[in-house]
Structure formats: C-alpha cells, structure tokens
Amino acid sequence: VLPTTELAYALQEAHRRGWRFHGAHPVLDYFVGEANLPPSVLSRPLYKQSAGLNVVALRRLARMSTWTPWWRLPAAVANPEAVAITHNDLLVSAARTWRKRVAFRHAELILAEARQHFGARNHHAPLEDLARHLVDALSPGEDLEEELAGRWRRMLESEIHCVLSQASSDLHSLRQVQRLPVTVWAGSGGYWPARAIGLETRRRGGAMTCFDHGHNRALHDVHEWPLLVDLAVSARLVVATHRTASHLAHRMTRTPTLMGQGGVVEGFSRAPDLSSVDDSGPGKTRGSRPRVLYAPGILRGFRQTVPAALPDQIYLDWQIRLMETISSFPVDVLCRPHPEGIMTGQRHPLADIVRVEGRSFEDLMPLADVYLFDEPNSRVFCMALVTRRPVVYVDIGAPYFAPEIKALIDKRCTVIKSTPDDRGRPWVDFRHVEQAICQPCCPDPTALAELRQLLIGVDG
C-alpha cells in the first residue's frame with residue numbers, strides 16, 4: 001500500500017513540474033496509462049520459496065543439530081516438546097539454553113502439502129466487501145487527483161482481494177490437515193507459511209512462540225508492529241533481552257484494543273549475536289588518517305519498510321552526494337552496503353565513487369575508527385551502538401526512534417540533522433560531518449551502558 005501511494009503522489013508532482021517517469025515496472029505502466037488492467041500480486045510470490053528441500057529428512061536433522069547434541073537427536077525426533085518451522089539466531093540460542101527437545105519441519109513444506117491435498121477443492125469466501133472496506137480505510141487524501149486516485153483504488157482492491165483469497169484458501173487447506181504440531185516455534189510471524197500455520201495452530205488450541213530477528217524493535221516507536229506481526233498469530237514473542245521485553249510491553253499498552261489478544265513478550269537472557277561484537281575503543285594509529293566505515297541502508301525497490309524510509313531515488317541521491325563529499329576529506333572510506341535489496345548480485349552505484357567492500361560488516365568493524373550511518377533500521381546499526389567506538393548518525397529526515405531511545409542516541413552518537421529541499425532531498429552542512437569523522441567524540445558512558453543493557457543484556 002505505501003509504495004503504491006508514494007508512486008501515485010510522485011507521479012502527480014512530476015506531472016505538475018512537467019517531468020516524465022521512466023521505468024520497466026508493471027505498476028508504473030499501469031499508473032501512467034500504458035496498461036489498462038492492474039498487475040496481479042500473485043504474479044510474484046508472496047514469500048521466498050526454499051530450494052533444495054528434496055532431501056527433507058537429512059535437512060531436518062541438519063537443522064536440528066544446530067541446537068541439539070547428537071546424542072539427544074533421537075529423543076527430539078521421537079518425542080519433541082516443540083516443533084520449529086523456521087529459525088533464526090535467537091531461536092537457536094533459546095533451544096540450546098533451555099535444553100528443550102525441539103524438532104524441525106519446514107513451514108513451506110507443511111503449507112505446500114496442505115495446498116496439494118486440499119487447496120484444489122473449491123473454496124470461495126465472500127471477500128469483495130472486505131477488500132473494499134480495507135481500501136476505504138487506507139485511501140489517500142483528497143489532494144490526489146481523480147484519475148490517479150481511481151487507478152490507485154482499482155489496483156489496491158485487486159491486490160488486497162488476491163491476498164485475502166490466497167490467505168483464505170491456505171487457512172482452509174491447513175484446517176483439513178489432520179496432524180499439525182501443538183507447540184510451534186518460529187522466527188517472524190510475518191512470514192507467510194509460518195503465519196498461516198500459527199493461526200491454525202492457535203485455532204486448534206495449540207500455541208506458537210515467535211523469536212525476534214534483529215534488535216531494532218527495541219529502538220523504534222511503532223508499538224503496533226509486534227502486536228500485528230507476531231502476537232496476532234502467537235501466544236508469546238521472545239526478544240533478545242529482558243530490558244527490550246519491558247520496553248516493548250510498556251509501549252504496547254498504548255494499543256489496548258490489540259493488547260486484548262493476550263500474548264506476552266518475554267526476554268531472553270542475552271543477545272547471542274551482539275554478545276561477541278568487538279567493543280574495544282578507537283584504534284587509530286598516531287598520525288594515520290581516520291578510517292570511517294559507512295553502512296548505507298537497503299535499496300528496497302517497490303516495497304516499504306516499517307517505520308517508513310525515504311524513497312530509493314532520494315536515498316540513493318543522498319548516498320552519492322555523501323560519498324562524493326566524504327571522499328574529499330582526509331579520511332579512508334570503507335563502504336559496506338546492505339547485502340539485500342534490489343542491488344543484490346549487481347554492482348552498487350557507490351562503487352563509482354568509493355571502494356565497496358564485499359566483506360561482512362562484522363569483519364570490517366575492527367578496521368574502522370568511526371562508524372557512519374544514515375539508516376538505523378538494520379542489525380549492524382545496533383552492532384555499532386554497543387561498541388565503544390564513535391558513531392556518527394546523519395538524520396536524513398525519516399522519523400524512527402522512540403522518544404526515550406532518541407535521548408540515548410543523541411548522547412551515544414554524534415547526530416547531524418538534515419533539512420529537506422523543495423524536492424525532498426536531505427541536505428546537511430558537510431563541515432559538521434567532516435568534524436564528526438576527523439575529530440570523533442567518544443560515546444557518553446551512561447548512554448552506552450544503557451544501550452548495552454537494552455540490546456545485549458549486559459552492564460557496562
């Protein structure tokens with residue numbers, strides 16, 4: 001919905017300025033009138049299909065062995081206390097620490113088998129009215145011109161109806177499956193197969209536990225997100241630390257209607273992936289040039305994040321201007337773009353300006369004197385926050401942090417504010433950026449200690 005709305009307003013503004021949009025996306029073709037029918041959402045997969053599932057038994061055992069010693073595998077297979085259907089670092093750590101007998105089944109296979117055996121049976125639910133009701137609730141403002149608003153509405157009604165129909169069919173198919181796990185573990189509740197299985201498990205009186213991926217929910221202020229994504233389909237959400245669980249539970253009380261679902265947020269003892277981060281202080285050799293590690297965020301294509309980020313065109317323009325300017329500073333630049341998104345497997349545009357690293361951010365961290373960010377919605381931003389090295393954060397105008405977290409970020413990092421021009425592009429005084437990088441400030445020890453307690457679960 002968000003990228004479609006952004007595109008409609010962008011086209012309206014482009015028309016007002018006498019510009020033309022060019023691209024090869026079916027949604028763009030539809031909005032500019034080169035296609036009469038909106039593209040079907042089901043022409044692209046609703047979730048990423050797993051490859052290589054033909055040796056199912058061996059893959060299950062291989063996955064289980066990441067949290068179960070070999071001598072306990074037979075008991076975990078024969079008499080599991082829970083069945084994991086997806087996985088992430090936190091789930092694996094919990095299974096090891098809690099010493100549960102946790103088996104594994106691929107969520108994709110469970111859903112695929114249900115579809116194969118029961119999905120072909122004619123199941124039709126009256127969803128047109130629901131689709132129209134949702135479109136009414138999500139409609140853009142009256143300032144969107146009539147033709148674009150009409151195309152927006154036809155596209156969203158078609159897309160939402162397709163998604164609702166597939167969801168209804170999948171839930172109907174899973175309802176016919178005789179044997180499903182009673183106690184389910186999963187990563188994100190937003191992953192389509194796991195979400196469908198979680199809903200059916202809950203309907204049968206079972207329970208699903210979701211395990212958080214990353215740490216950014218501890219930072220942002222979208223308190224509805226864990227309720228809608230995870231606790232709508234599970235009885236429990238496990239996050240990395242007790243402090244994070246407390247923060248989330250407190251924020252979610254602001255949404256009493258959604259809180260009525262009855263799920264709980266539980267903290268794990270310690271963040272497994274952040275606990276091993278090198279937290280040593282700056283290591284610059286006397287007289288050498290500072291080395292700055294820049295981690296630009298994802299170029300997402302025709303989708304949007306939560307909280308919402310700047311459109312790709314504006315964000316890439318900013319990245320290019322930032323790197324062109326910093327390249328003139330007396331510093332050495334390491335650039336590690338987000339490994340996913342529309343640039344996956346392609347040469348990143350920043351490679352024309354600076355050296356784009358193929359090594360992971362974790363491998364590059366010890367080499368840097370200063371970390372530079374403009375996108376906080378990433379795990380590596382949290383990794384940098386818990387170190388004792390300087391972090392420069394350029395606020396390019398997309399609101400993100402919860403108020404109490406923003407106060408910590410302002411103390412922990414050197415924060416540089418931007419202002420937008422009449423085209424929505426962020427601008428900063430680059431003299432402040434140069435000073436922050438070349439003469440970095442050490443983090444406030446109190447703010448650092450609070451962030452480490454929040455994100456890792458340790459003091460100091």
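## Two helices crossing

Which way does α8 pass α9, in a right-handed or a left-handed crossing? Before the answer, one thing to keep in mind: what you are looking at is a predicted model. Now, back to the helices: the crossing of α8 past α9 is right-handed. Helix α8 covers residues 146–176, and its axis comes within 10 Å of the axis of α9, crossing at roughly 50°. An angle like that makes α8 oblique to α9, because it falls outside the ranges for roughly parallel, roughly perpendicular and roughly antiparallel.

So who is actually touching whom? On the α8 side, the contact is made by Val163, Gln166, Ala167, Asp170, Leu171, Leu174 and Arg175, and on the α9 side by Trp192, Ala196, Ile197, Leu199, Glu200 and Arg203. Sort the residues of this contact by class and you get 8 nonpolar, 1 polar and 4 charged.

## Another partner for α9

Helix α9 also packs with helix α6, which runs over residues 107–119. Their axes are 8 Å apart and the angle is about 70°. That makes α6 roughly perpendicular to α9, since the label applies from 65 to 115 degrees. As for handedness, α6 passes α9 in a left-handed crossing.

Here Ala107, Glu108, Ile110, Leu111 and Arg115 of α6 meet Trp192, Pro193, Ala194 and Ile197 of α9. The class count for this contact is 7 nonpolar, no polar and 2 charged residues. Look out for Trp192 and Ile197 when you browse the structure: they are among the α9 residues that meet α6, and they are also among those in the contact with α8.

## A pair further along the chain

Now jump to helix α16 (residues 403–412) and helix α18 (residues 445–455). At what angle do they pack? It's about 130°, with the axes 9 Å apart. That makes α16 oblique to α18, and the crossing of α16 past α18 is left-handed.

From α16, the residues involved are Ile405, Leu408, Lys411 and Arg412, and they meet Ala447, Leu448, Glu450, Leu451 and Leu454 in α18. By class, that contact holds 6 nonpolar, no polar and 3 charged residues.

## Salt bridges, here and there

How many salt bridges does the count come to? The answer is 25. Let's visit a few. Glu81 pairs up with Arg101, and their closest N and O atoms are 3.7 Å apart. Glu81 sits in the loop between α4 (73–78) and β1 (82–84), while Arg101 sits in the loop between α5 (89–98) and β2 (102–104), so this pair ties together parts that are 20 residues apart in sequence. Glu81 counts as partly exposed because its relative accessible area is 33%, and Arg101 is partly exposed too, at 26%.

Next comes a salt bridge in α9, a helix you have already met. Glu200 bonds with Arg203 in this way, with the closest N and O atoms 2.8 Å apart. Both residues belong to α9 (residues 192–203), and because they are 3 residues apart in the helix, about one helical turn separates them. Are they buried or exposed? Glu200 is buried, with a relative accessible area of 3%, but Arg203 is partly exposed at 44%. Both also turn up in the contact between α8 and α9.

Then there's Asp230 with Arg217, whose closest N and O atoms are 2.4 Å apart. This pair links distant parts of the chain: Asp230 is in helix α10 (residues 225–231), and Arg217 is 13 residues away, in the loop between β4 (207–211) and α10. Asp230 and Arg217 are both buried. Elsewhere, Glu13, Arg16 and Arg17 are joined into one network by salt bridges that share partners.

## A stop at Arg379

Last stop: Arg379, which lies in helix α15 (residues 379–385). Its relative accessibility is 28%, so Arg379 counts as partly exposed.

Which residues does Arg379 touch, leaving aside those up to four places away in sequence? They are His215, Asn216, Asp273 and Glu362. Try finding His213 as well: Arg379 and His213 are 166 residues apart in sequence, yet in space their C-alpha atoms are 8.9 Å apart.

Technical notes. Residues numbered from 1 in each chain as written. Predicted model: local features only at pLDDT ≥ 70, side-chain atom pairs only at ≥ 80, totals over all residues. Heavy atoms only, no water. Salt bridge = Lys/Arg side-chain N within 4 Å of Asp/Glu carboxyl O. Helix = DSSP H or I, 4+ residues; strand = E, 2+ residues; numbered from the N terminus. Buried < 20%, exposed > 50% of the residue type's maximum accessible area, 1.4 Å probe, protein only. Axes fitted to C-alpha atoms, helices over the stretch in contact; angles between N-to-C directions. Parallel < 35°, antiparallel > 145°, perpendicular 65-115°, else oblique. Left-handed = near helix turned anticlockwise from the far one by under 90°. Contact = heavy atoms within 4.5 Å. Nonpolar A, V, L, I, M, F, W, Y, C, P; charged D, E, K, R; others polar.
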